[in-house]
Amino acid sequence: MSKKRGLSLEEKREKMLQIFYDSQDFFLLKELEKSGPKKGVISQSVKDVIQSLVDDDLVSKDKIGSSIYFWSLPSCAGNQLRNAYHKLEADLKNNKKRLSELNAQRDNLKEGREESDERDDALAQLKAIETKHNSLKDEMGQYAENDPAALEAMRNATEVARAAANRWTDNIFTLRQWCSNNFPQAKEQLEHMYAEVGITDDFDYLESVDQIKPLNIRS
(Lines give C-alpha, C1' and ligand atoms only; values in the text may rest on other atoms or scores of the structure.)
Protein backbone atom coordinates (compact mmCIF):
# COMPACT_ATOMS: atom_id res chain seq x y z
CA MET A 1 0.00 0.00 0.00
CA SER A 2 1.48 3.35 -1.08
CA LYS A 3 2.21 6.01 1.52
CA LYS A 4 -0.28 8.89 1.60
CA ARG A 5 1.09 12.08 0.09
CA GLY A 6 1.45 15.02 2.45
CA LEU A 7 -0.26 18.34 1.79
CA SER A 8 1.56 21.03 -0.14
CA LEU A 9 2.01 24.47 1.39
CA GLU A 10 -0.78 25.90 -0.74
CA GLU A 11 -3.11 23.09 0.31
CA LYS A 12 -2.26 23.72 3.97
CA ARG A 13 -2.99 27.42 3.51
CA GLU A 14 -6.40 26.62 2.03
CA LYS A 15 -7.20 24.22 4.85
CA MET A 16 -6.29 26.77 7.54
CA LEU A 17 -8.23 29.54 5.80
CA GLN A 18 -11.28 27.28 5.74
CA ILE A 19 -11.12 27.03 9.54
CA PHE A 20 -11.46 30.82 9.74
CA TYR A 21 -14.21 31.01 7.12
CA ASP A 22 -16.28 28.22 8.67
CA SER A 23 -16.20 29.65 12.18
CA GLN A 24 -15.78 33.39 11.45
CA ASP A 25 -14.21 33.58 14.89
CA PHE A 26 -11.00 34.72 16.57
CA PHE A 27 -8.29 32.19 17.43
CA LEU A 28 -5.18 31.91 19.53
CA LEU A 29 -2.24 30.13 17.93
CA LYS A 30 -2.55 27.15 20.28
CA GLU A 31 -6.23 26.80 19.26
CA LEU A 32 -5.25 26.76 15.61
CA GLU A 33 -2.56 24.16 16.36
CA LYS A 34 -5.33 21.95 17.77
CA SER A 35 -7.71 22.60 14.87
CA GLY A 36 -5.12 22.13 12.12
CA PRO A 37 -4.73 18.33 12.44
CA LYS A 38 -8.50 17.95 11.99
CA LYS A 39 -8.01 19.44 8.52
CA GLY A 40 -4.90 17.37 7.79
CA VAL A 41 -2.36 20.04 8.78
CA ILE A 42 0.05 18.79 11.43
CA SER A 43 0.33 21.02 14.47
CA GLN A 44 4.09 21.55 14.02
CA SER A 45 3.54 23.33 10.68
CA VAL A 46 0.49 25.40 11.67
CA LYS A 47 2.57 28.35 12.93
CA ASP A 48 4.52 28.71 9.66
CA VAL A 49 1.37 28.32 7.55
CA ILE A 50 -0.47 30.98 9.55
CA GLN A 51 2.51 33.34 9.30
CA SER A 52 2.56 32.95 5.50
CA LEU A 53 -1.13 33.86 5.40
CA VAL A 54 -0.47 36.89 7.59
CA ASP A 55 2.40 37.96 5.30
CA ASP A 56 0.03 37.80 2.31
CA ASP A 57 -2.66 39.77 4.19
CA LEU A 58 -5.07 36.84 4.01
CA VAL A 59 -5.13 36.52 7.81
CA SER A 60 -5.12 39.40 10.29
CA LYS A 61 -3.59 39.33 13.73
CA ASP A 62 -3.59 41.68 16.70
CA LYS A 63 -2.43 41.67 20.28
CA ILE A 64 -5.21 41.98 22.81
CA GLY A 65 -3.88 42.17 26.35
CA SER A 66 -1.13 39.61 26.59
CA SER A 67 -2.53 37.35 23.87
CA ILE A 68 -2.26 37.46 20.07
CA TYR A 69 -5.44 36.67 18.14
CA PHE A 70 -5.80 35.66 14.49
CA TRP A 71 -8.89 36.03 12.30
CA SER A 72 -9.97 36.09 8.68
CA LEU A 73 -13.40 36.63 7.09
CA PRO A 74 -14.42 35.74 3.53
CA SER A 75 -15.30 39.37 2.89
CA CYS A 76 -11.79 40.43 3.95
CA ALA A 77 -10.23 37.96 1.56
CA GLY A 78 -12.43 39.25 -1.23
CA ASN A 79 -11.36 42.83 -0.56
CA GLN A 80 -7.72 41.81 -0.48
CA LEU A 81 -8.02 39.99 -3.78
CA ARG A 82 -9.73 43.01 -5.34
CA ASN A 83 -6.95 45.27 -4.06
CA ALA A 84 -4.32 42.93 -5.51
CA TYR A 85 -6.19 42.88 -8.84
CA HIS A 86 -6.34 46.70 -8.97
CA LYS A 87 -2.61 46.91 -8.18
CA LEU A 88 -1.76 44.46 -10.96
CA GLU A 89 -4.03 46.36 -13.33
CA ALA A 90 -2.25 49.64 -12.48
CA ASP A 91 1.16 48.00 -12.95
CA LEU A 92 0.06 46.69 -16.35
CA LYS A 93 -1.10 50.16 -17.38
CA ASN A 94 2.21 51.71 -16.32
CA ASN A 95 4.19 49.03 -18.15
CA LYS A 96 2.18 49.60 -21.34
CA LYS A 97 2.86 53.32 -21.06
CA ARG A 98 6.59 52.68 -20.57
CA LEU A 99 6.61 50.34 -23.57
CA SER A 100 4.98 53.02 -25.71
CA GLU A 101 7.63 55.56 -24.59
CA LEU A 102 10.48 53.16 -25.41
CA ASN A 103 8.99 52.46 -28.86
CA ALA A 104 8.82 56.21 -29.51
CA GLN A 105 12.48 56.60 -28.45
CA ARG A 106 13.45 53.76 -30.76
CA ASP A 107 11.66 55.41 -33.70
CA ASN A 108 13.39 58.75 -32.94
CA LEU A 109 16.79 57.06 -32.88
CA LYS A 110 16.10 55.49 -36.27
CA GLU A 111 15.61 58.93 -37.83
CA GLY A 112 18.68 59.94 -39.82
CA ARG A 113 19.94 56.37 -39.91
CA GLU A 114 17.93 55.22 -42.88
CA GLU A 115 19.86 53.38 -45.57
CA SER A 116 21.26 55.84 -48.15
CA ASP A 117 24.32 56.41 -50.33
CA GLU A 118 25.48 59.21 -48.03
CA ARG A 119 25.25 56.99 -44.97
CA ASP A 120 27.09 54.16 -46.73
CA ASP A 121 29.86 56.58 -47.77
CA ALA A 122 30.17 57.92 -44.22
CA LEU A 123 30.41 54.40 -42.79
CA ALA A 124 33.05 53.48 -45.36
CA GLN A 125 35.11 56.56 -44.44
CA LEU A 126 34.79 55.71 -40.76
CA LYS A 127 35.98 52.17 -41.46
CA ALA A 128 38.97 53.49 -43.42
CA ILE A 129 39.89 55.89 -40.58
CA GLU A 130 39.70 53.08 -38.03
CA THR A 131 41.92 50.89 -40.21
CA LYS A 132 44.48 53.69 -40.61
CA HIS A 133 44.39 54.36 -36.86
CA ASN A 134 45.11 50.72 -36.06
CA SER A 135 47.95 50.67 -38.62
CA LEU A 136 49.58 53.77 -37.09
CA LYS A 137 49.13 52.31 -33.64
CA ASP A 138 51.01 49.15 -34.66
CA GLU A 139 53.77 51.22 -36.28
CA MET A 140 54.18 53.31 -33.13
CA GLY A 141 54.51 50.09 -31.17
CA GLN A 142 57.47 49.10 -33.35
CA TYR A 143 59.18 52.46 -32.84
CA ALA A 144 58.67 52.12 -29.10
CA GLU A 145 61.47 49.54 -29.11
CA ASN A 146 63.91 52.42 -29.72
CA ASP A 147 62.28 54.87 -27.36
CA PRO A 148 64.88 56.24 -24.84
CA ALA A 149 62.57 55.59 -21.89
CA ALA A 150 61.94 52.03 -23.05
CA LEU A 151 65.67 51.44 -23.54
CA GLU A 152 66.45 52.82 -20.08
CA ALA A 153 63.87 50.51 -18.53
CA MET A 154 65.41 47.61 -20.44
CA ARG A 155 68.89 48.49 -19.17
CA ASN A 156 67.63 48.72 -15.59
CA ALA A 157 65.87 45.37 -15.83
CA THR A 158 69.00 43.78 -17.32
CA GLU A 159 71.17 45.14 -14.52
CA VAL A 160 68.76 43.78 -11.88
CA ALA A 161 68.82 40.36 -13.54
CA ARG A 162 72.65 40.42 -13.79
CA ALA A 163 72.97 41.29 -10.10
CA ALA A 164 70.62 38.47 -9.14
CA ALA A 165 72.53 35.99 -11.30
CA ASN A 166 75.83 37.04 -9.75
CA ARG A 167 74.42 36.56 -6.25
CA TRP A 168 73.56 32.98 -7.17
CA THR A 169 77.00 32.54 -8.73
CA ASP A 170 78.58 33.72 -5.48
CA ASN A 171 76.43 31.23 -3.55
CA ILE A 172 77.54 28.42 -5.85
CA PHE A 173 81.23 29.28 -5.40
CA THR A 174 80.72 29.36 -1.62
CA LEU A 175 79.00 25.96 -1.72
CA ARG A 176 81.80 24.48 -3.86
CA GLN A 177 84.42 25.72 -1.42
CA TRP A 178 82.49 24.28 1.52
CA CYS A 179 82.19 20.89 -0.21
CA SER A 180 85.91 20.86 -1.05
CA ASN A 181 86.84 21.67 2.56
CA ASN A 182 84.52 19.11 4.10
CA PHE A 183 84.73 16.29 1.53
CA PRO A 184 88.26 16.37 0.08
CA GLN A 185 88.17 12.63 -0.54
CA ALA A 186 85.15 13.09 -2.89
CA LYS A 187 86.81 15.67 -5.17
CA GLU A 188 86.43 13.57 -8.32
CA GLN A 189 82.77 12.79 -7.67
CA LEU A 190 82.05 16.47 -6.92
CA GLU A 191 83.73 17.63 -10.13
CA HIS A 192 81.66 15.13 -12.10
CA MET A 193 78.47 16.39 -10.43
CA TYR A 194 79.38 20.04 -11.17
CA ALA A 195 79.92 19.21 -14.84
CA GLU A 196 76.52 17.49 -15.07
CA VAL A 197 74.69 20.61 -13.85
CA GLY A 198 76.67 22.97 -16.09
CA ILE A 199 79.25 24.29 -13.60
CA THR A 200 82.33 24.05 -15.80
CA ASP A 201 85.76 25.73 -15.71
CA ASP A 202 84.45 28.77 -17.61
CA PHE A 203 81.61 29.30 -15.10
CA ASP A 204 82.05 32.84 -13.76
CA TYR A 205 80.33 36.07 -12.80
CA LEU A 206 78.45 38.03 -15.46
CA GLU A 207 80.01 41.28 -16.57
CA SER A 208 77.95 44.47 -16.94
CA VAL A 209 76.33 44.69 -20.38
CA ASP A 210 77.40 47.35 -22.83
CA GLN A 211 75.23 50.41 -23.04
CA ILE A 212 72.36 49.94 -25.49
CA LYS A 213 72.27 52.62 -28.14
CA PRO A 214 69.10 53.63 -30.01
CA LEU A 215 68.98 52.52 -33.65
CA ASN A 216 69.00 55.19 -36.36
CA ILE A 217 65.75 54.73 -38.22
CA ARG A 218 65.40 56.40 -41.55
CA SER A 219 62.00 57.64 -42.52
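1. Let's start with the salt bridges: a search of the whole structure, which is a predicted model, turns up four of them. The points below go through three pairs, with the residues that form them.

2. Glu10 and Arg13 make one such pair, with their closest N and O atoms 3.4 Å apart. Both sit in helix α1 (residues 9-23), and because they are three residues apart there, about one helical turn separates them. Their surroundings are worth a look as well: Glu10 is partly exposed at 46% relative accessible area, whereas Arg13 has 10% and counts as buried. Arg13 earns that label because buried means under 20% relative accessible area.

3. Arg13 has another partner, Asp56, and here the closest N and O atoms are 2.9 Å apart. This pair links distant parts of the chain, 43 residues apart: Arg13 belongs to helix α1, while Asp56 lies in the loop between α3 (43-55) and β2 (60-64). Asp56 is partly exposed, with 44% relative accessibility. Taken together, Glu10, Arg13 and Asp56 are linked in a salt-bridge network.

4. Which residue does Lys39 meet in a salt bridge? The partner is Asp22, at 3.7 Å from N to O. Lys39 is in the loop between α2 (29-35) and α3 and Asp22 is in helix α1, so this pair ties together parts 17 residues apart in sequence. Lys39 itself is partly exposed, at 32% relative accessible area.

5. Next, a patch of negative charge on the surface: Asp117, Glu118, Asp120 and Asp121 gather there. Asp121 can be placed in helix α5 (residues 117-143), and with a relative accessible area of 47% it is partly exposed.

6. There is a nonpolar surface patch too, formed by Leu175, Trp178 and Phe183, which together have about 320 Å² of accessible area. Trp178 is part of helix α6 (residues 148-182). Its relative accessibility is 48%, so Trp178 counts as partly exposed.

7. Stepping back to the overall fold, you will find seven helices and three strands. Along the sequence they follow the pattern α-β-α-α-β-β-α-α-α-α.

8. Finally, some totals that may help when you set this model beside your own work. Of the 219 residues in the protein, 16% are buried. The protein exposes about 17900 Å², and carbon and sulfur atoms supply 54% of that area. Among contacts with a separation of 6 or more, 58% come from residues 24 or more positions apart.

Definitions and conventions
Residues are numbered from 1 along each chain as its sequence is written. This is a predicted model: local features need pLDDT of at least 70, side-chain atom pairs count only at pLDDT 80 or more; totals for chains, interfaces and linings use all residues. Side-chain values use heavy atoms; hydrogens and water are left out. Patches are made of residues with over 30% relative accessible area and no salt bridge: like charges are joined within 9 Å, nonpolar side chains (Val, Leu, Ile, Met, Phe, Trp, Tyr) within 5 Å. Accessible areas come from the Shrake-Rupley method with a 1.4 Å probe; for residues, only the protein chains shown count as cover. A salt bridge is a side-chain nitrogen of Lys or Arg within 4 Å of a carboxyl oxygen of Asp or Glu. Helices (H or I, at least four residues) and strands (E, at least two) are DSSP runs, numbered from the N terminus. Buried means under 20% relative accessible area, exposed over 50%, partly exposed in between (1.4 Å probe, protein chains only). Contact means heavy atoms within 4.5 Å. Lys and Arg count as positive and Asp and Glu as negative; His and the chain ends are not counted. The place of a charge is taken as NZ of Lys, CZ of Arg, CG of Asp or CD of Glu.
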